[in-house]
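Trainee: Got a minute to go through this one with me? I'd like to start with the contacts.

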Amino acid sequence: MGRRRFITLEGGEGAGKSTQIRLLAQRLSEAGHRVVTTREPGGAPGAEAIRELLVTGETGRWAPKTEALLHFAAREEHLAWTVRPALERGDWVISDRFVDSTMAYQGVAQKLGAEFINELKALVVGDDMPALTLILDLAPETGLARAGRRAGGEDRYERMDKAFHRTLRQAFLDIAKNDPQRCVVIDAEKDEAAVAEAIWTAVRGHLDPDRH
Ligand code: TMP
């Protein structure tokens, strides 16, 4: 079932997740909810240090299993210091990426396989799954063009090849298809306001506690 007040946004590069998280957090706050926004890899001091190892440098710098383990190490820090304490306080938590990214990027695109990721997921995440995941879907060409306009050296994954990014898109759509109770696919080709409306419609339906 997952944690009702835990929402994650997922998708490929340049889908506009950070803008949408800002808009969603604003709307939830206006509706009277306390909201924590966070991100992966990152969201806690140790996790941000691990992030640096993952998002910079040569594309092939890690053996695939090391890379998945680093994402899960960062995730455990994030859960322990940020996500679980916030949920225990009764706050809403909106995370820019979570374990579906590891399944799509490391499990599928980097070919580690679902079993490896699912075993780590059971050990690290356990029952602390989001009850709602918004998958922002767009053509990788559109996303990479948008992401390319951003500054900074955190582009290790963006530098992976086109086939990698096409595989990712399908991987996220498959995750949504296999878990329709939790996942809602949002068309992220639309403009910012239209995407925000689609997200708000999904979240509003989810706010009603009688649904759970
Ligand atoms: P961001 O650009 O959305 O902040 O995410 C950083 C990068 O990390 C992004 O390219 C996706 C990648 N990533 C993984 O490969 N596996 C994961 O488990 C997570 C959380 C992110």
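Mentor: Sure. This is a predicted model. In the protein chain, residues 24 or more positions apart account for 80% of the contacts with a separation of 6 or more.

Trainee: What does the secondary structure of the protein chain come to?

Mentor: There are 8 helices and 5 strands. Along the sequence they follow the pattern β-α-β-α-α-β-α-α-β-α-α-β-α. The radius of gyration is 16 Å, close to the 17 Å that the globule rule gives for 212 residues, so the protein chain is as compact as a globular protein of that length.

Trainee: And what box do the C-alpha atoms fill?

Mentor: Roughly 45 × 35 × 30 Å, taken along the principal axes.

Trainee: How much of the protein chain counts as buried?

Mentor: Of the 212 residues, 49%. The protein chain exposes about 10,200 Å², and carbon and sulfur atoms supply 51% of that area.

Trainee: Charges next. How many positive and negative ones, and how far apart are their mean positions?

Mentor: The protein chain has 30 positive and 33 negative charges, and their mean positions are 1 Å apart.

Trainee: Let's move to helix H4. Why is H4 described as largely enclosed?

Mentor: Helix H4 covers residues 99-109, and 10 of its 11 residues are buried, so the rest of the structure largely encloses it. Among the buried ones are Val99, Asp100, Met103, Tyr105 and Ala109.

Trainee: What do the buried residues of H4 pack against?

Mentor: Two strands, S1 (3-11) and S4 (130-137), and three helices: H3 (64-89), H5 (114-124) and H7 (162-178).

Trainee: How many aromatic pairs does a search of the whole structure find?

Mentor: It finds 4. Take Phe6 and Phe98: their ring centres are 5.1 Å apart and their planes are at 75°, so the pair is edge-to-face. Phe6 lies in strand S1 and Phe98 in the loop between strand S3 (92-96) and H4, so this pair ties together parts that are 92 residues apart in sequence.

Trainee: Are Phe6 and Phe98 buried or exposed?

Mentor: Both are buried. Another edge-to-face pair is Tyr105 with Tyr157, at 5.5 Å centre to centre and 85° between the planes. Tyr105 belongs to helix H4, while Tyr157 sits in the loop between helix H6 (140-148) and H7, so the pair ties together parts that are 52 residues apart in sequence.

Trainee: What relative accessible area do those two tyrosines have?

Mentor: Tyr105 has 4% and is buried. Tyr157 is buried as well, with 8%.

Trainee: Which residues form a cluster with Tyr105 and Tyr157?

Mentor: Phe164 and Phe172 join them in one aromatic cluster.

Trainee: Backbone now. What should I expect in general?

Mentor: Most residues other than glycine have a negative phi, and most peptide bonds are trans.

Trainee: Then which residues should I look at for a positive phi?

Mentor: Start with Arg97, which has a phi near 80° and is not a glycine. Arg97 is in the loop between S3 and H4, and with a relative accessible area of 12% this residue is buried. Then there is Lys111, also not a glycine, with a positive phi of about 65°. Lys111 comes just after H4, in the loop between H4 and H5.

Trainee: Is Lys111 buried or exposed?

Mentor: Exposed, at 71% relative accessibility.

Trainee: And where is the cis peptide bond?

Mentor: Between Glu40 and Pro41, with omega at about -15°. Pro41 is in the loop between strand S2 (35-39) and helix H2 (45-55).

Trainee: Last one: Leu138. Where is that residue found?

Mentor: In the loop between S4 and H6. Leu138 has a relative accessible area of 5%, so it counts as buried.

Trainee: What does Leu138 touch, leaving out residues up to four places away in sequence?

Mentor: Its contacts include Glu13, Gly14 and Ala15, and also Arg146, Arg169 and Glu189. As for Asp187, its C-alpha is 6.5 Å from that of Leu138, and the two residues are 49 residues apart in sequence.

Definitions and conventions
Residues are numbered from 1 along each chain as its sequence is written. This is a predicted model: local features need pLDDT of at least 70, side-chain atom pairs count only at pLDDT 80 or more; totals for chains, interfaces and linings use all residues. Side-chain values use heavy atoms; hydrogens and water are left out. Helices (H or I, at least four residues) and strands (E, at least two) are DSSP runs, numbered from the N terminus. The radius of gyration is taken over C-alpha atoms; the globule rule is 2.2 Å times the number of residues to the power 0.38. Buried means under 20% relative accessible area, exposed over 50%, partly exposed in between (1.4 Å probe, protein chains only). Contact means heavy atoms within 4.5 Å. Accessible areas come from the Shrake-Rupley method with a 1.4 Å probe; for residues, only the protein chains shown count as cover. Lys and Arg count as positive and Asp and Glu as negative; His and the chain ends are not counted. The place of a charge is taken as NZ of Lys, CZ of Arg, CG of Asp or CD of Glu. Rings of Phe, Tyr and Trp (its six-membered ring) pair if their centres lie within 6.5 Å; planes under 30 degrees apart count as stacked, over 60 as edge-to-face and the rest as tilted.
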